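Hi everyone, thanks for making time this morning. I'd like to walk you through one structure, so let me put it up on the screen.

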Amino acid sequence: MSGTHPAGALVTPYTARRLRWRLATTQSEGQVPSIVAGIVRDGALAWADGVGDVPGEVTDTQYKVGSITKTLTAVLVLQLVDEGLLSLDAPASDVLGEVGYADRSIRQLLAHSGGLQAEPAGSWWERTEGGTFEELASANDGSTPAFEPDRQFHYSNLGYGLLGEVVARLRGRTWWEAVEERILTPLGMTRTSYQASGAHAAGWSVHPYAQTLIPEPLPDTAAMAPAGQVWSTVGDLATYCTFLLEGHDQVLPTERLAEAFTPQSGEEPAGLRYAHGLGFQIFPGGAGTLVGHSGSMPGFHAICLVDRARRTGVVGLVNATGGVPVATFGAALLDELERCEPTLPPVWRPNDAVPASFTDALGVWHWGATPYVLACEGGDLVARRRHVEMWRFADVDGRIVGTKGYHAGEELHVVRRDDGSVSHLDVGTFILTRQPYEPGAPIPGGHPPLD
């Protein structure tokens, strides 16, 4: 059927029309058989629509999601880390033994910083039936790395084949069984599957001159499945967006997700700078950054991104091998939503109490001659420069620890004089004083902590 009406819209008719215009323009200019998309706001699917030959309901038609699959693999790995069964900085060989590239750490494999070759040896894995992990390891002995570890970012599908096997061995079941048990079932993602099920789009390439459709293969990629096998829907990926925004007690807490969303490496594809966390891409956009992943497999392109500050997310699915720059498209939908219906700021509420560790850090402080105001906001210690939030700290068992901004992970120390009075603040060697360049205080070192 051809998608002609928004599904379950919770936006104004004007907003829905603007979003549909972007969808229709993308389908027409990209010359793709169909495109479906959805927007999540405050934990619910606020809008969904489709253009072209969508063979089922907009929110319930499956498309192959490509490398969005990698985020499922990353979640499974981080669950093992959270349970103490795996260390991010241990080599994969601790689990896999002496196979090619297993000397790389789990962190390097997740972040594509291990220098692995991009693709496994042999026929193009995305278009051919896959084999066992033993066959994959035998064909890729680690002798042809692209770079030395931690030399630079180098995207590697092969690395996720290794990570999927790490999960399988530590869980004592297949990678896909772990995905179903530990992610899909707790989140209620019933329309996400290993192979197409129910209403689903066919995968196509479009002939560049005849503009006819060329069918694409849909193989079982087997040992490489953790890199890009999965099929899903707008409805299920909207649920996944909510998980990325809020965490889930049975899957991963927000604290572990925040670690996954922390940049580890990055590159600049086609002029769009992005960083890579632990299994997740981090794009500029929205209120600052958009987190998630793009995906492509023969016949399909996909995007799943969230804006954590605005509590919004976007899903886009296309059944064509090319034609749509999905990350740009997804960001544009979120920008359109923000222009039409701006995000409301959170309701201000007074603090019931202030952590004792914050008491002597409140007020105006100076890095050199630059003033910062430190205030307790919603239980956090927030540093603002010219009313703009620069850093955020939390009380952790009486310690003031950075959670956001330049000093994330560093401790803020309230330094006292011999008589017990406060001399200055020291946060990661940056010195803050009550007066600009206060006499008797340490000289503030380093570059200006502007972000």
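**The pocket, the sheet and a helix pair**

Let's begin with open space: the largest pocket has a volume of about 2100 Å³. Before I go on, please keep in mind that this is a predicted model.

So who sits around that pocket? It is lined by 49 residues, and those closest to its centre are Arg 308, Ala 309, Glu 389, Arg 392 and Lys 404. Sorted by class, the lining holds 21 nonpolar, 11 polar and 17 charged residues.

Which elements give two or more residues to this lining? On the helix side you'll find H8 (234–246) and H9 (254–260). The strands are S9 (281–285), S10 (288–297), S14 (370–377), S16 (388–396) and S17 (399–405). The largest share belongs to H9, which supplies five residues.

Now, three of those strand names come back in the next part. S14, S16 and S17 belong to an open sheet of eight strands, ordered S13-S14-S15-S16-S17-S18-S19-S20, and the pairing is antiparallel. Which strands are at the edges? They are S13 (363–367) and S20 (430–432), each of which pairs on one side only. On average, and ignoring direction, neighbouring strands in this sheet are turned by 30 degrees against each other.

Let me zoom in on the middle of that order. S16 and S17 run antiparallel and are joined by six bridges. You can find Phe 393 with its bridge partner Gly 402 in S17, and Asp 395 standing opposite Ile 400, also in S17. The hairpin of these two strands has two residues between them, and Asp 397 takes a positive phi near 55 degrees there.

Moving one strand along, S17 and S18 (residues 411–416) also run antiparallel, with two bridges joining them. Here Val 401 stands opposite Glu 411 in S18. This hairpin has five residues between the strands, and in it Gly 409 takes a positive phi near 90 degrees.

As a reminder for anyone colouring side chains at home: in a regular strand, they alternate between the two faces of the sheet.

Let's leave the sheet and look at a pair of helices. Two packed helices are described by the angle between their axes and the distance between the axes. For H2 (residues 68–82) and H7 (residues 175–187), the axes come within 10 Å and cross at roughly 75 degrees. That crossing makes H2 roughly perpendicular to H7.

Which residues meet there? From H2 we have Thr 69, Leu 72, Thr 73, Val 75, Leu 76 and Gln 79, and from H7 we have Trp 175, Ala 178, Val 179, Arg 182 and Ile 183. By class, this contact has seven nonpolar residues, three polar and one charged.

H2 also takes us to my last stop, the enclosed spaces. How many cavities of 30 Å³ or more are there? The count comes to four, and the largest cavity has a volume of about 50 Å³. Its lining is made of Val 65, Ile 68, Thr 69, Thr 71, Leu 72, Met 189, Thr 192, Val 230, Ser 232, Leu 237 and Tyr 240. H2 and H8 are the elements that give two or more residues to this lining, and H2 gives the most, with four.

What about the classes in this lining? Seven of the residues are nonpolar, four are polar and none are charged. The lining of the largest pocket, to come back to where we started, has 17 charged residues.

That's my tour, and thanks for listening!

Terms used: Residues numbered from 1 in each chain as written. Predicted model: local features only at pLDDT ≥ 70, side-chain atom pairs only at ≥ 80, totals over all residues. Heavy atoms only, no water. Axes fitted to C-alpha atoms, helices over the stretch in contact; angles between N-to-C directions. Parallel < 35°, antiparallel > 145°, perpendicular 65-115°, else oblique. Contact = heavy atoms within 4.5 Å. Nonpolar A, V, L, I, M, F, W, Y, C, P; charged D, E, K, R; others polar. 1 Å grid on protein atoms, 1.4 Å probe; cavity = no way out; pocket = protein on both sides within 12 Å on 5 of 7 lines; lining within 4 Å. Points joined across faces, edges and corners; volume = space filled by probe spheres on them. Pairing = 2+ DSSP bridges.
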